[in-house]
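Colleague: I've got a model open on my screen and a pile of terms I only half understand. Could you talk me through what earns each part its label?

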Amino acid sequence: MLFSKEDTGRFLSSRVRDIRPSGIRAFFDLNAVGGDTIALGVGEPDFITPEKVREACIQALREGQTKYTSNAGLMELREAISAYLSGSFALSYDPEQEMIVTVGSSEAVDLALRAVIDPGDEVLIPAPSYIAYEPITHLHGGKIVEVAAAAEEQFKLTPQALQAAITPHSKVLMINYPCNPTGTVMTEQDWLPIAELIIKHNLVVISDEVYAELTYGRKHVSIASLPGMKERTIVISGFSKAFAMTGWRIGYACGPRELIAGMLKIHQYTAMCAPTLAQIAALESLRHGRAAKDEMMASYNERRKLFVAGLNAIGLTCHEPEGAFYAFPSITSTGMSSEQFALRLLKEANVAVVPGHVFGSGGEGFIRCSYATSLADLEKALERMGRFMQVMQPV
């Protein structure tokens, strides 16, 4: 018997049917045809992985290092990550029982949410925020509760907003600082009252810190480094952004051994282990890739200053992002929605950005622009955007 399209559609679970396609990828696909478009949409470094890292992988391949690793990842890599986190962010984790190497930080987010939420549990997410958290939570039966991170507060999470969102069903606080899409950074003073609320209401924290190395003028502070927070926080990070390793798909999670053990159970039955060659490349990045990482960071900072100043100069008001590699300017002066603005900018000026509404509440009226591209392209994009602002007519 042949199944109709309607039949096969009904085979999908209701949770999958309810998920919206990625708003970031939608605009990336619009630009995929090529041409003269300058892409400021996808958050991917324009640098390639440093040569030493690539050569280490090639040598490992020649040596036949193509077998499974431990489910939790190469012990050498876990030890190196442990030393790196201790030296860079004052975080101390046992590489044997408090860490797991994952298929990118994205898998780590999925594992963490699956490990801690039951159907009906509320997951608090500051918004605007990275678009993946909501659909992953939905897939695992959790209920999203957005916490307003207002533009007036430079998109920071405040204790007042968090307290207002907490209910008896709240279980998880999902955070991402430095923030995608806003570039916002939280200081220790910002975190202290938040930590008090977390402890008071007995919440679990999943902290996506994949942009931890990308901060400007101040050092990243992990909420897990505060008193009483390590035992209730899963810290997630990876090598994609700061180490220019997006395609390698290598990340990690650290946290209380009971929670990491739960994540490892799921990982064993799904991914088995992160790719062996990617783990070897990540190890080389920690051993010999720090200088290249710092050079890339200096370049991002130069681009950040130029691009944010340029946005403000052409009438797109933008707060100064202190982390990541995104600018989040306001487009409210144009009278258009963020989606209308992004579509017209793409069609009329050949510049691809992401409309802010895809990042949840508080994102409407803004666009996300990645400055992880060359200075020449950023200057060209600003020129095109400036002309667009001068000639476009509000709808």
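Colleague: Is the crossing of α6 and α10 right-handed or left-handed?

Modeller: That crossing is right-handed. Keep in mind that this is a predicted model. The two helices, α6 (residues 104-116) and α10 (residues 257-270), pack at about 115 degrees, and their axes are 9 Å apart.

Colleague: How do you know that α6 and α10 meet, and which residues of α6 take part?

Modeller: Contact means heavy atoms within 4.5 Å. On the α6 side, E107, A108, L111, A112, R114, A115 and V116 take part, and they meet L259, G262, M263, I266, H267 and T270 in α10. Sorted by class, that contact has eight nonpolar, three polar and two charged residues.

Colleague: Why are α13 and α14 called roughly perpendicular?

Modeller: Look at the angle: helix α13 (residues 338-349) and helix α14 (residues 375-391) pack at about 110 degrees. Angles of 65 to 115 degrees count as roughly perpendicular, and therefore α13 and α14 get that label. Their axes are 10 Å apart.

Colleague: And what residues of α13 and α14 meet there?

Modeller: F341, R344, L345, E348 and A349 in α13 meet R384, M385, F388 and M389 in α14. The class count for this contact is six nonpolar, no polar and three charged residues.

Colleague: On to the sheets. What is the strand order in the open sheet of seven strands?

Modeller: The order is β2-β8-β7-β6-β5-β3-β4, and the pairing is mixed.

Colleague: What makes β2 and β4 edge strands?

Modeller: Each of them, β2 (99-102) and β4 (143-148), has a single partner strand, so one side of each has no neighbour in the sheet. On average, neighbouring strands of this sheet are turned by 20 degrees against each other, direction ignored.

Colleague: How do you know that β3 and β4 really pair?

Modeller: Two strands pair if there are at least two bridges between them. Strand β3 (residues 122-127) is joined to β4 by six bridges, so the rule is met, and the two run parallel. One spot to find on your screen: L124 stands opposite V145 in β4. Helix α6 turns up here too, packed on the sheet, where the strands it touches include β2, β3 and β7, and its direction makes about 160 degrees with that of β7.

Colleague: What about the sheet of three strands: what is its order?

Modeller: That one is also open, runs β9-β12-β11 and has antiparallel pairing. Its edge strands are β9 (326-327) and β11 (354-355), each pairing on one side only. Two bridges join β11 to β12 (residues 367-370), and V354 has R368 in β12 as its bridge partner.

Colleague: Why is the E98 and K230 pair called a salt bridge?

Modeller: The cut-off is 4 Å between a side-chain nitrogen of Lys or Arg and a carboxyl oxygen of Asp or Glu. For E98 and K230 the closest N and O atoms are 3.9 Å apart, so the pair qualifies. It links distant parts of the chain, with E98 in the loop between α5 (75-89) and β2, K230 in the loop between β6 and β7, and their positions 132 residues apart. The structure holds 14 salt bridges.

Colleague: Last one: where are the cis peptide bonds you mentioned on the phone?

Modeller: One joins A127 and P128, with omega about 10 degrees, and P128 sits in the loop between β3 and α7 (133-139). Another joins Y177 and P178, with omega about -5 degrees.

Definitions and conventions. Residues numbered from 1 in each chain as written. Predicted model: local features only at pLDDT ≥ 70, side-chain atom pairs only at ≥ 80, totals over all residues. Heavy atoms only, no water. Helix = DSSP H or I, 4+ residues; strand = E, 2+ residues; numbered from the N terminus. Axes fitted to C-alpha atoms, helices over the stretch in contact; angles between N-to-C directions. Left-handed = near helix turned anticlockwise from the far one by under 90°. Nonpolar A, V, L, I, M, F, W, Y, C, P; charged D, E, K, R; others polar. Parallel < 35°, antiparallel > 145°, perpendicular 65-115°, else oblique.
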